[in-house]
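Student: Could we go through this structure together? I would like to start with the whole chain and then turn to details.
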Amino acid sequence: MNDCICLTQVLSRPVSTRQCLFDPIAVNKSHTPPIFTSHQIRYLSTPQNSSLLAEEDTWLSKRMMNTRLKLGMAPRVKPYYRLRGLCLFQSVEKVNWIDFFRVFNMPDTFHSWFLVIELHMWMTSVRCSDEGKEGELIKQFSIEYMWEGAQKRAKKLESYAPSALRKGFDDLYEEFVAAFLMYDHGLLTSDVALADVLWYRFLQRNCDDPEKLELLVKYVRKQVFVFQIHHLDGLSKEDFIDRINFTWLPLSEKTYL
């Protein structure tokens, strides 16, 4: 039987036992930083300018680096991979997180925005891992830009002291590392295991609809498959690095029938 058909197993368990196969977050510690989920900070996920990292600051550097590469004047040095990391994060920022909020009834808060970005950052990291040390460099820099963008967004939380924000980001960092490990485990195990992780982390244990959970599992599987197909189709490492521009499938039931 297809694992997706059995996703109701995840939701049919008692909440006390409906945990991932391993839980890296202490039981006595909230897995949702409260300062990022308060109703006081609703709508901070959707500023008018979605990208908080100005492209103007890097446009000239990108053009100069690409020109030097075309002319054979410079190897791919570390700043070049940093620029590729920025391009990767900017492609993640293009995810239509409003659709995720709507489909999965997520509150419009900073934390919900972060959960959407985190999931898509993980999917890009899976693809970058296929490109050896160069891919790891790009992944590392893209995560740095993600935190920079998140911190700029969080500065809108004027009602909180800087010390409270630092504590919130310390907690968020621990969650981020744990989430990558859990998503890896789910991807490599089964659809049921992946559903368990997505329910626990992405949906924050707030979904009792097996059809929505199945949709999310199919979305992740399909998106990762699309990325891997580009690798299997013979896209060279150089082409992948030079043309980093992840595109995202629509979050629609019709896409996964």
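Student: How much area does the chain expose, and what share of it do carbon and sulfur atoms supply?
Tutor: This is a predicted model. The chain exposes about 13,200 Å², and 54% of that area is supplied by carbon and sulfur atoms.

Student: What percentage of the residues is buried?
Tutor: Of the 257 residues in the chain, 49% are buried.

Student: And how many helices and strands are there?
Tutor: The chain has 10 helices and 0 strands. Its pattern along the sequence therefore reads α-α-α-α-α-α-α-α-α-α.

Student: What share of the contacts with a separation of 6 or more comes from residues 24 or more positions apart?
Tutor: Such residues account for 79% of those contacts in the chain.

Student: Let us turn to helix packing. At what angle do the axes of H3 and H5 cross?
Tutor: The axes of helix H3 (residues 78-93) and helix H5 (residues 110-128) cross at roughly 135°, and they come within 10 Å. H3 is oblique to H5 because the angle falls neither over 145 degrees nor in the range 65 to 115.

Student: Is that crossing left-handed or right-handed?
Tutor: The crossing of H3 and H5 is right-handed.

Student: Which residues make the contact?
Tutor: H3 contributes Leu-88, Phe-89, Val-92 and Glu-93. From H5 come Ile-117, His-120, Met-121, Thr-124 and Cys-128.

Student: How do the residues of that contact divide into nonpolar, polar and charged?
Tutor: In the contact of H3 with H5, 6 are nonpolar, 2 are polar and 1 is charged.

Student: Now a different helix. How many residues of H8 are buried?
Tutor: H8 is mostly covered, with 12 of its 12 residues buried. Among them are Trp-199, Tyr-200 and Phe-202. Asp-191, Asp-196 and Arg-201 are also buried in H8.

Student: What is the sign of phi at Gln-204, which follows H8?
Tutor: Gln-204 has a positive phi, near 55°.

Student: Where is Asp-209 found?
Tutor: Asp-209 lies in the loop between helix H8 (191-202) and helix H9 (210-232).

Student: Why does Asp-209 count as partly exposed?
Tutor: Asp-209 has a relative accessible area of 29%, so it falls between the 20% limit for buried and the 50% limit for exposed.

Student: How far apart are Asp-209 and Phe-104, in sequence and in space?
Tutor: Asp-209 and Phe-104 are separated by 105 residues in sequence, while their C-alpha atoms are 9.3 Å apart in space.

Key: Residues are numbered from 1 along each chain as its sequence is written. This is a predicted model: local features need pLDDT of at least 70, side-chain atom pairs count only at pLDDT 80 or more; totals for chains, interfaces and linings use all residues. Side-chain values use heavy atoms; hydrogens and water are left out. Helices (H or I, at least four residues) and strands (E, at least two) are DSSP runs, numbered from the N terminus. Buried means under 20% relative accessible area, exposed over 50%, partly exposed in between (1.4 Å probe, protein chains only). Contact means heavy atoms within 4.5 Å. Accessible areas come from the Shrake-Rupley method with a 1.4 Å probe; for residues, only the protein chains shown count as cover. Axes are lines fitted to C-alpha atoms, for helices over the stretch in contact, and angles run from 0 to 180 degrees between N-to-C directions. Angles under 35 degrees count as roughly parallel, over 145 as roughly antiparallel, 65 to 115 as roughly perpendicular and the rest as oblique. A crossing is left-handed if the near helix is turned anticlockwise from the far one by less than a right angle, and right-handed if clockwise. Ala, Val, Leu, Ile, Met, Phe, Trp, Tyr, Cys and Pro count as nonpolar, Asp, Glu, Lys and Arg as charged, and the others, Gly among them, as polar.
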